Amino acid sequence: MGTDRVYIFDTTLRDGEQSPGASMNTEEKLEIARQLVRLGVDVIEAGFPISSPGDFMSVRRIAEEVGDAAVVCALSRAVPADIESAADALKYAARPRIHTGIGVSESHLRDKLRISGDVALERAVAAVKLARTFVEDVEFYAEDAGRAEPEFLYRVIQEVIRAGATVVNIPDTTGYAYPERFGALIGGLVEHVDGIENVVISVHCHNDLGMATANALAGVAAGARQVECTINGIGERAGNTAMEEVVMALKARQDLFGIDTAINTKEITRASRMVSSITGINVQPNKAIVGANAFAHSSGIHQDGVLKERSTYEIIDPADVGVGGSSIILSARSGRHALRHRLEALGFELPDNEFEPIYEAFLDLADKKKEVYDEDLEALVGERERTLEELYHLERVQVVCGDPGIPTATVELVDRDGTHLIDSSHGTGPVDAVYKAINRIVDIENDLTEFSVKAVTRGIDALGEVTIRVRAANDRVFTGRGAHSDIIVASAKAYTNALNRLLESQSKNIEEEL
Ligand code: KIV
Ligand code: ZN
């Protein structure tokens, strides 16, 4: 093993599965294992065979499936039965590794194992020797090393290397470490342990204080060359080190570390989504690298910068992690630049005089909604096009309804001469009341033959689009559309739109007749 790259040891299927509620069946584990191979991880920790027949079978099936694409590792305590079970489960692995170990902190020795340090050391050595009778690749974990006495840890690590360990894992089991101190602990091993140069130092950091990635990277800076991690950082309690964070930190800060991994980073997003969907553990939107907002820009200032040059606000190219691109979130904080850019991407090239009213309508909508989606913009532009040729423009609509209560509507229309016309009516429901109030102003015979409403965007604040059909006295049918976050207003717009068309067609007929 060289020194210029870090080996990625994925433990999503073992430590990750220890996340409450994350248990997976064998088929699901196989699906993730295939994705781990696509990602190019060096080691897959497939399970803890002695813990259950299901875990045993998963390790066996993964070992068969993965072949020589990665080392397949099985966990055990420093107990003969565990090690034998791990060896059995790995029987068909092309590149098997047994991971065995014991607690080394004062707390684990005194309160959990209730043995002395010397006994723990003896068991550690015996476990490694036994594991070596089955496989050549044996990793030793010094559980709770993050809280252990450094001198005792050095002693244990030196002895397990003599016993045949090929990889020595220094876990911060309780997530207690602090980057500077954890780096110093790894540096201490490099300095004080004989034979350390012949083995790989591994770090396995938990995230109880939110420092798992920082601690793992401090370990790498001090000489560790294997990082144990999980997709999306899932794992016991607050989780494990997130693979995507370590890998992308090493890539984005090559200038600092000068160390690479063999991970195909373009597979990161796919892996994240797969693990989230299989385990049912959602990724928080602001999660580094794989969160839904990781490449989303919301403020107008940031959007303007990113549209001019992506790197002004992005240190990672989203394509590098398999995301289509950055996203510009259109909201009340967005400016003209972002709106125009999005409209152009949707195929709307608007001259300034047409753009400004759309921008005003956008701000109006954005004040009502948290986020404005593409479908909203299409509806807004469609709406604008519809109002250009209006004989009557809907200025205001107000309804009172409820149960009990008489649905009543008041509408204000403006005609082509700029005259404001107001009238009211009651009806069987709010839409009926609105339509009757409009009829009192426009006074043109028609029957409403169809009415449909659909949400054009997502969420409770979605823009509703109403489509209606009216039949005129001469049997011709006219369609009307209207969109608004209030479906009563959308209905009023749709009806006004249909009546405008009807009136326009009538005036054309009259012109033709004259
Ligand atoms: O956190 C831990 O110490 C572990 C070991 C079993 C490696 O998961
Ligand atoms: Zn762990």
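Colleague: How many residues of domain 3 are in contact with domain 4, and how many of domain 4 with domain 3?

Modeller: In this predicted model, 9 residues of domain 3 are in contact with 11 residues of domain 4. Contact here means heavy atoms within 4.5 Å. The bounds are 326–385 for domain 3 and 389–513 for domain 4. Their centres are separated by 24 Å, taken over C-alpha atoms.

Colleague: What makes up the area buried between domain 3 and domain 4?

Modeller: The two bury about 940 Å² between them, and 54% of that is on carbon and sulfur atoms. On the side of domain 3, Lys 369, Tyr 373 and Glu 383 supply 46% of the area it buries against domain 4, more than any other three residues.

Colleague: How many salt bridges are there between domain 3 and domain 4?

Modeller: The count is 0. A salt bridge needs a side-chain nitrogen of Lys or Arg within 4 Å of a carboxyl oxygen of Asp or Glu. Polar contacts across this interface, with both residues at pLDDT 80 or more, also come to 0 residue pairs.

Colleague: Which helices supply the side of domain 3 that touches domain 4?

Modeller: Helix H14 (352–368) and helix H15 (374–388) each supply at least two residues. H15 has the largest share of that side, with 4 residues. By class, the side of domain 3 that touches domain 4 has 3 nonpolar, no polar and 6 charged residues.

Colleague: Why is the chain called more spread out than a compact globule?

Modeller: Set the value against the rule. The radius of gyration is 33 Å, and the globule rule gives 24 Å for 514 residues; 33 Å is well over that, so the chain is more spread out than a compact globule. Along its principal axes the C-alpha trace spans about 110 × 45 × 40 Å. The chain has 17 helices and 16 strands.

Colleague: What makes the peptide bond between Asp 403 and Pro 404 stand out?

Modeller: The bond is cis, with omega about 5°. Most peptide bonds are trans. Pro 404 lies in the loop between strand S11 (392–400) and strand S12 (408–415).

Colleague: What is notable about phi of Arg 237?

Modeller: Phi of Arg 237 is near 50°, a positive value in a residue other than glycine. Most residues other than glycine have a negative phi. Arg 237 is in the loop between strand S8 (226–229) and helix H9 (243–252).

Colleague: Which residues does His 426 touch, leaving out those up to four places away in sequence?

Modeller: His 426 touches Ile 406, Pro 407, Thr 408, Ala 433 and Lys 436. Ile 406 is 20 residues from His 426 along the chain, and their C-alpha atoms are separated by 6.7 Å. His 426 itself is in strand S13 (residues 420–426).

Note on methods. Residues are numbered from 1 along each chain as its sequence is written. Chains are lettered from A and ligands numbered from 1 in the order in which they are written. This is a predicted model: local features need pLDDT of at least 70, side-chain atom pairs count only at pLDDT 80 or more; totals for chains, interfaces and linings use all residues. Side-chain values use heavy atoms; hydrogens and water are left out. Domain bounds come from an automatic or database domain assignment. Buried area is the accessible area (1.4 Å probe) that two parts lose on being put together, summed over both. A polar contact is a pair of N or O atoms within 3.5 Å; within protein, one must be able to donate a hydrogen and the other to accept it, and residues adjacent in sequence count only if both atoms are side-chain atoms. Ala, Val, Leu, Ile, Met, Phe, Trp, Tyr, Cys and Pro count as nonpolar, Asp, Glu, Lys and Arg as charged, and the others, Gly among them, as polar. The radius of gyration is taken over C-alpha atoms; the globule rule is 2.2 Å times the number of residues to the power 0.38.
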